Amino acid sequence: MDIYEEVMELAKRRGFLWPSFEIYGGTAGFYDYGPLGAALKRNIEHLWRRFYVIGEGFYEIETPIIGVEEIFRASGHLASFTDPIVECKSCKEFFRADHIGDRCPVCDGELGDVFEFNLMFKSFIGPGSKRAGYLRPETAQGIFVDFPRLLRFFREKIPFGIVQIGKAFRNEISPRQGLIRLREFTQAEAEIFVNPQEKTHPGFDLVKDEVLTLLPRGADEPTRWRLADAVREGIIAHELLAYHIHLTYRFLTAVGISEDRLRFRQHMLDEMAHYASDCWDAEVLLDRLGWIEVVGIADRTDYDLKAHQEASKVDLGVFMAYDKPKVIEKRKIKPKMEVIGPRFKQDAKRIVAALEAMDPDEVGDQEIVLELEGREVTITPDMFECVKVREEVSGERLIPHVIEPSFGIDRIFYAVLEHAFSEEEVEGERRVVLRLLPSIAPIQACVLPLLGARDELVKVARDVHRQLRRQGLIVEYDASGTIGRRYRRQDEIGTPFCITIDYETLEDDTVTVRFRDSMEQVRVAIDELGDWLHSELGL
RNA sequence: GCGCCGAUAGUGUAGCGGUUAUCACCGAGGCUUGCCAAGCCUCAAACCCGGGUUCGAAUCCCGGUCGGCGCACCA
C-alpha cells in the first residue's frame, strides 16, 4: 500500500471520508465527509476565515448555488463549458465538432458520434422547464454580480475584498483520485476589487523580505525568491499578487501543509484562463499524485465585471475622484436642439447621441450623413456647431480589477491528511499517527480512566469529561480496552492530547496528559486542565 | 469517453465449478490488566449489481457500477 491508499483507507475506516451513495453502488466524483472529516474540514474553513475575514478585513457573503443562464452566458462558462465534442475512432483524439469536417484532421480516421461536452450541471427553475438554471462552476460569479450592491455597502470606495465559502459543481468527464477531482466540491474564494493603477498592498512592506519557492513560467526548477526581488524582476506581476501568494503560503502552512512540499507555480501563457493576466498555483507534493494544485491566485483583471456590465447593461464602474479636479479643454459637437428637435421629432434623441459620439476634428463643419436603422439621415451644418469647451473633471469612472485567491478546500483537506500521516515503530509495533496541528484536530482531547473497570476511576473520568465539554472543548471519552490500545486509537485520528485518570488523581486531583506526537506525559491539575488545553490548542 | 487490471465482513485477505465461504486485525460484551495496539472466553459481520452457461457459480461468460493505471478531458 502506498501512502495514498493508507490515508484513504484510514479516512474511510475512521469516519473522515466515505464514497457518497455507497449503498446504491456509489458515484464517481462525490464524497461524504464523515463525523471526523466534517469536523476537520470545518476547522480548515474556520482557519481560512481567520486569515481572510479577520486578518484581511474581507467580508463573507453567501449567494445561490444555482445561477440563472444569463450569468454564465456573460461569464463565458456557457460557451466554453458546452462544446460539441467528437472523438476520432482510430487515434482517440478529441475535437470540437463544429470546427472540423468529416475526417480526423490528425490521422484522417473516421469520427465517432458527436456528444455535448457540458461541464455545468443544468437544471430548470420553476415549472415548465422554461428557464434554465446551472449549478455554479465557481463561487466567484455570485460575488461579481453583486458588485453594485457591494460597492454601495463599502460607500463607493475601492479597494475591498469579499469572500465566499461554498459548493461548486463541475460535471467532470472522468473524476479520479479521491478528493482531487470531484464533481461537487468546496471552494473558498476571495475577490479583491482594486484600482488597476494601484496593485499594491499596505502590508507588503512587512512581507517583502520573505522567501518563497517559486516555479516561474519557463523555469525548469523551482527556485527560492525574495518577494521584493520577484516583483522587481517582473516574475510576479505586482505587489498585490505577491502579497496574496505569501498569504496563501501562510495559510497553507498554518493548516499543516509541510513547507518543503509546497511551491508556487506560474501558469503558462496558454494554460491561463481566458480572463487572467497572471496566475500562480499553490501546489503541494503528494505521495502518489505528484504536484497537485490546491490554490489558484489570479489577476482576473476587469474581465468579469466588464462582461457582466455589457450583458446586464448595468454600470459596474467606480467613480474615482482625482486629488485635484482636472481642467481640460476640448472641442465638442454641440447639437442645435431648436433645429434638430422640430425637424426629426422622435428620432432627435438618437441623432443627438450619435452626433455627440463623433470626433469633432473629423467632422469640421461639413454635412454629416448618419445611418439610422437603415435610413440615411443628413445632418446639415446649421444643425450643430463645433465649440471649444473648458470642462472641470473631478474624477473618472473605471472598472476595478479583481485579484482572486481561490482555494480548493477538498484538495487541501486531503493534503493535510497526507502530510499529517505518519507511521513509526514503537517497541516492535507499528504506530500510526495523524500529526494534525492541534488547532485543527477534529477531537481536541480524549479522557480515559486508566482502568475501564474501576468505578472510582470511571466516575472521576466522566466528571472531567463533562467539565471539559462545558468549557467548550471537543472531548471524547473512552474506557474500553487497555490504555495502550486507547492511546493508539486516538493517535490514528489525530487527537493531540489524552487525559488519563489514574490512582494519583484520586490522591491529588491531577491527571496525566499524554502528548500524541512524543508520547510524553505531564501532570496537570484538574482545575487548570481547561485553561491548559485552551492554551495548548492555540484557541 | 476509450483501453488494460481489479472488486469477498468495518479493514486487509484465502478461495481457482461441489456441504455451513478462510484467516487476521478492528468492533461489542465479559474475565484479566497500575500508562502505550498483551492474554483468555463469547458475540457480531462479507461474495458489487443484473443477465447467461451449468444439476450446481464467489469461482466461467456478457453487460453495468465502483476503484486503480494509461490516453483524453480538467475554461
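Start by selecting Pro159, which sits in the loop between α6 (147–153) and β10 (160–169). Look at the bond coming in from the residue before: Ile158 and Pro159 are joined by a cis peptide bond, with omega at about 5°. Most peptide bonds are trans. Keep in mind as you go that this is a predicted model.

Now zoom out to the whole of chain A. You should have 18 helices and 28 strands on screen. Along the principal axes, the C-alpha atoms take up a box of roughly 110 × 65 × 55 Å. The radius of gyration is 31 Å, whereas a compact globule of 539 residues would come in near 24 Å. Colour by burial and 49% of the 539 residues count as buried. If you draw a surface, about 27,400 Å² of chain A is exposed, and carbon and sulfur atoms supply 49% of that. Charges next: chain A has 71 positive and 95 negative ones, and their mean positions are 4 Å apart. For a contact map, take the contacts with a separation of 6 or more; residues 24 or more positions apart account for 64% of them.

Next, colour the assigned domains. Domain 1 covers 323–397 and domain 2 covers 443–536. How many Å separate the centres of domain 1 and domain 2? Taken over C-alpha atoms, the separation is 83 Å.

Head to the N-terminal end and select helix α1, residues 3–13. Its buried residues are Tyr4, Glu6, Val7, Met8, Leu10 and Ala11. An α-helix has 3.6 residues a turn, so residues three or four places apart point the same way. What do the buried residues of α1 pack against? Show β1 (17–19) and β2 (31–33), then jump along the chain to α14 (409–420), β22 (421–426), β23 (429–434) and α16 (483–493): the buried residues of α1 pack against each of these. Just after the helix, stop at Gly15, where phi is positive at about 85°.

Tyr134 is the next pick, in strand β9 (residues 131–135). Buried or exposed? Tyr134 counts as buried because its relative accessibility is 4%, below the 20% cut-off. Show the surroundings, leaving out residues up to four places away in sequence, and Tyr134 touches Ile65, Ile66, Gly67, Glu69, Phe72, Leu78, Met120, Phe121 and Lys122.

From Tyr134, run a distance to Met519, which is 385 residues along the chain: the two C-alpha atoms are 51 Å apart. Met519 belongs to the loop between β27 (510–515) and β28 (521–525). With a relative accessible area of 30%, Met519 is partly exposed. Check the backbone there too, as Met519 has a positive phi of about 60° despite not being a glycine. Most residues other than glycine have a negative phi.

Lys313 is another non-glycine with a positive phi, here about 65°. Find Lys313 in the loop between α10 and β17 (318–335). Its relative accessibility is 72%, so Lys313 counts as exposed.

Finish at the other end of α10. Asp302 lies in the loop between β16 (290–301) and α10 (303–312). At 17% relative accessible area, Asp302 is buried. Which residues is Asp302 in contact with, leaving aside its neighbours within four places in sequence? Select Ile399, Pro400 and His401 to see those contacts.

Definitions and conventions: Residues numbered from 1 in each chain as written. Chains lettered and ligands numbered in written order. Predicted model: local features only at pLDDT ≥ 70, side-chain atom pairs only at ≥ 80, totals over all residues. Heavy atoms only, no water. Helix = DSSP H or I, 4+ residues; strand = E, 2+ residues; numbered from the N terminus. Rg over C-alpha atoms; globule rule 2.2 N^0.38 Å. Buried < 20%, exposed > 50% of the residue type's maximum accessible area, 1.4 Å probe, protein only. Contact = heavy atoms within 4.5 Å. Areas by Shrake-Rupley, 256 points an atom, 1.4 Å probe, with all protein chains shown as cover. Lys, Arg positive; Asp, Glu negative; His and termini not counted. Charge placed at Lys NZ, Arg CZ, Asp CG, Glu CD. Domains from an automatic or database assignment.
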